[in-house]
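Morning, everyone. Let me put the structure up, and then I'll talk you through it.

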Amino acid sequence: MKKDKKMTLTLPVEELMSCGHLACQGCGATLAMRDMLKALGQKTALCIPACCWAVIDGAYPYSSLDVPIYHCAFETAASTATGVKAGLEMTGDTETTVVAWAGDGGTFDIGLQALSGAAERNEDIIYVCYDNEAYMNTGIQRSSATPYGAWTTTTPVKHFKNRPKKDISAIMAAHGIPYIATASIAYPEDFVKKMKKAKDISGTRFFHVFAPCPTGWKSRPDDSVKLARMAVQNAVFPLFEIEDGTKLTLNMKLKDKKPIKDYLRLQGRFRHLTEDQIAAMQAEVDARWLRLLERAGD
Amino acid sequence: MKKVMMGNHALSYGAMLSRARVISAYPITPQTQVVELLSEMCADGSLDARFIKVESEHSAMASCIGASVAGARTFTATSAQGLALMHEMLHWASGGRHPVVMGNINRSMAPGWSIWTDQNDSLSERDTGWMQYYCSSNQEVLDTVIQAFKVSEALMIPAMVILDAFSLSHTYEVVELPDQAEVDKFLPPFDPEIRLTPKDPHAFGGLTSPEHYFELRYKLEMDMQKAPALIEETGREYEKLFGRRLGLVDPYLCDDAGLILVTSGTAGSTARVAVDALRQAGVKAGNLRIKVLRPFPFEVVRAILRKAAKVAVVDRNISYGAHGIFYQEVKSALYGRPGMPPVFGFIAGLGGRDITVDTFKEVVDHTLGHEAADEAIVWIGVKK
Amino acid sequence: MKDKKAKKIVFRSADDMPTMVISIGSQTHNKTGAWRNIRPEIDLGRCLKCGICWKFCPEPSIEIVDEWPVVDYDYCKGCGICAEECPAKCIVMVEEKR
C-alpha cells in the first residue's frame, strides 16, 4: 500500500535554489531562502547586501539561484531594492516581485536608515531579514539582534551581550507599513502562506525570519530546525503578523509554553550563563509574551 | 527656444530632455533647485519619471544603481558632503558598469561649513572610475548632460557633470533649449542587453576572487580609454544637430601664446577675459580650459601646451601634502617628453574666494618673473 | 532547476568575460558532497512518505523520485537535519567511507 502512496508535500515542489552553494552544514538561512522562493516563484528579483547569502550564492561567475540577484553594498538592501522596483516599473515590468534579502546586521544596524526611509515612503518591496542573531559572515560578531546573554567574538564570556535584542517588528510597525510578519524555518508552511499573502499586497512588507546558525550559535548542525521550533514554542521568537502597523495577530497560541533553558542548553553561545541569569532571561521572555498577548487582544 | 535660467536648472532641463526615467535625489545647498525643478516636471507630466525622495545621498546613489541595472536611464545631483557620503556607491556604479549621470555642484568640503565653491569634492572622487566633465556656462551644462548620457551608455561607465556653486549653479544665463524630437534622434532610449530581470537571471557583482577581479577592472579601464575619442565623436554629432560643440578641452588663443593658463570651471571663463586684457597689454597669453578631467585628455593637452614657453595651472583645489590637482595631472602629462614647457602651479579661490582678472594678472606676473617653475605651491589671494 | 552537470568556467582572457560583473553559470559545478563526514541512509521499508526530510534539507539534496525520498550524495553535506526531523526515525547518519 505504501508503494502506491504519494509523497506528502506541504510546500510547493518547484526548487529555485540549486545544490552546490557554499552554506555551512545545517544552515538556517538557506532553508529560509528555499522557502521564500517556493512562495514567490521565478518572477522575483533579489537585492542581497553583504551577509552570509552574499557568499552562499556562490562566487563569480556562478550563482545557485534561478532568480536574478543584485549583490549590493552592506547598508543598501532597501535602497537598492527601491531603485530596482522603480527601474523595472519604468521600463514596463510591473509584475516582478522585488525582494531585499538581508541579514540581521544589514537590517537592524547598518541598513536601518535605508529600511526606515523605504518604509516611510511605503516603497513597493518585500524586505526579508533572515536573523541568525550576529554578524556571522564576518566571523560571529555581535549585532543589535544578538539576544541578551549570548557569546559572540565581540561579546566574549566576560562581557557577554548585556543589552536586549532590538525590537525590529515594533520599529517597523511604527512606520505604519501594510504588512509585517515573523517566520521560522521550523514552520515553512506558515512562512510560505504569509509570503504568498504578502506578494499580493502593495507597499512595504517586512519579514523577520528566525534562521539558526550552528557555526555561530555553537550548536549541532542537525539541531537547526529543532532550535527554530523550540524558539517559537518557548516564545523567544513568537509567530505573528502586524497589519497597517496596528493590528497584531498571533499565529500560534502557546497553550503549553516551554521553558527557555532547554533551548539555551543546546547552544554553546549560552553555556556560560548562571541560573540567575537564565531566570532573568526567562522573566523577560514571559513579560514580552504577556505584552504580545495583550496587544493581540487575548 | 531660448530661456534664461540658472545653472542648476540647466541640469534639470538636461535630464528632462534626456528622458531620464528614474531620478533619486536628496537635497543639499546649492543643488536644491535641480531637484525642485525636476520634481515639478515629474508632477506636471513634462517628465515621465519616477522621482524617489530618498533619505540620504548614499541611498540616492544606491537606488540609482538599482534602477539602472533594472534598465532605466537614471539621474541624480548632489554636492560636497552629499557627494562624499556617496563615495562608496560611486565605486559601486563604476565597478558595476552602470551608466548613471549625475550633476555635482562643486562646493567646499566642511568643516567649517561652506556653501561656496571649490573643487575638492569632485576631485576627491577622481579615482572612482567616473567620467568627469567640468563646465563653465549653463549652455554647456545642458549640452553636456545630454551628451554624457550617450557616451556613458555606450561605454557603460557613469559620469558626473560638474559646475561651480553659485558662480554657475545660481547664475542666470541665456540657454538655447534643444528641441525634444531632435534630442530623441540624438539620444535613443537606454536599452541594455544585460539587465536585472527574471527573464534572464544572473547574479550581479558576486564574490570575485583574485582570479577574476583584475581582468574586470582592466576591462573598465580599456573602456574608459575609448572615452576621449567617443566624446569628440559625440560632440561632432551634437554639433551637426544643435550647432554647438565642446570637446575635451576649450582652448582660447593658445596657438601663438607664449604663456598658457590652464584652468577649469568658471575660473576658465574669467581667464578668457584676463587673456584679452593681457594681450591688450602686450602679453601673448592664452587659456586652456580643461573640460574633461576623467579620462585625462593626454594627447590634446600635450599638443596644445607644447607650443608655449611657459604653462601656469590655476587650481581651485588642493591635495594636501602635495599640490593643486590639475597642476599635478598636467605636469605629469608633460613629463619626460622633450620640448615641453615648465609648468607653474597656483592655488586660488578655495572656499569660494573670488577668482578675478587680477588673480590671473598676479599669476602671469609671477610666471613671467621666474625662469624656472618652483615646486612649491604659489598661493594667490591668501592673507598670509 | 539548475543543470546538475554544470562545469567549471575558465576564462582564457578578459575578452571572454562579459562587461558587466555577472554570473554566467551554475553553482552546481561544486560537488559539496565532498564536505561530509557522515552520510544519511534512509530505510525505505520504514519510510512514511511524510515529506519532512525533503522539506527540511538546506541544500536541497533530497529529491523525490517515484514518490520516494532519494539523497543526492554528490551534494549532501551530512548536516543530519533529515535524520533528526524524521518522525519514523528511519534515517540514520553513518560514518562516511573514503
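I'll take the sheet in chain B, then the contact with chain A, then chain C. One caution: this is a predicted model.

Chain B, then. How many strands form the open sheet, and in what order? Seven, and the order is β3-β2-β4-β5-β7-β6-β13. The pairing is mixed. At the edges stand β3, residues 50-52, and β13, residues 292-294. Each has a single partner strand, so one side of each is left without a neighbour in the sheet. From one strand to the next, the twist averages 20°.

Now look inside that sheet. In chain B, β5 covers residues 101-106 and β7 covers residues 159-164. These strands pair in the parallel sense, over six bridges. To find the register, take B:Ile105: it stands opposite B:Leu163 in β7(B).

Next, the helices that lie across the strands. Helix α2 of chain B, residues 32-43, lies across β2, β3, β4 and β5. Against β3(B), α2 runs at about 140°. Helix α7 of chain B, residues 138-155, lies across β5, β6 and β7. Its angle to β7(B) is about 165°. So β5 has both: α2 lies across it, and α7 does too.

On to the contact between chains B and A. It takes 37 residues from chain B and 39 residues from chain A. Which elements of chain B each supply at least two residues to its side? They are β2, β3, α3, α5 and β9. The most comes from α3(B), with nine residues. By type, chain B's side divides into 18 nonpolar, 14 polar and five charged residues. Strand pairing crosses between the chains as well. Strand β3 of chain A, residues 69-71, pairs with β9(B) in the parallel sense, over two bridges. There, A:Ile69 stands opposite B:Ala203.

Last, chain C. Its secondary structure comes to two helices and five strands. From the N terminus on, the elements run β-β-α-β-β-α-β. Why call chain C more spread out than a compact globule? Its radius of gyration is 17 Å, and the globule rule gives 13 Å for 98 residues, so chain C is well over that value. Along the principal axes, its C-alpha atoms fill a box of roughly 55 × 30 × 20 Å. Buried residues make up 40% of the chain. Of the contacts in chain C with a separation of 6 or more, 62% come from residues 24 or more positions apart.

That's my tour. Over to you.

Key: Residues numbered from 1 in each chain as written. Chains lettered and ligands numbered in written order. Predicted model: local features only at pLDDT ≥ 70, side-chain atom pairs only at ≥ 80, totals over all residues. Pairing = 2+ DSSP bridges. Helix = DSSP H or I, 4+ residues; strand = E, 2+ residues; numbered from the N terminus. Axes fitted to C-alpha atoms, helices over the stretch in contact; angles between N-to-C directions. Contact = placed C-beta atoms within 7 Å. Nonpolar A, V, L, I, M, F, W, Y, C, P; charged D, E, K, R; others polar. Rg over C-alpha atoms; globule rule 2.2 N^0.38 Å. Buried ≥ 20, exposed ≤ 12 C-beta atoms within 10 Å, placed from the backbone.
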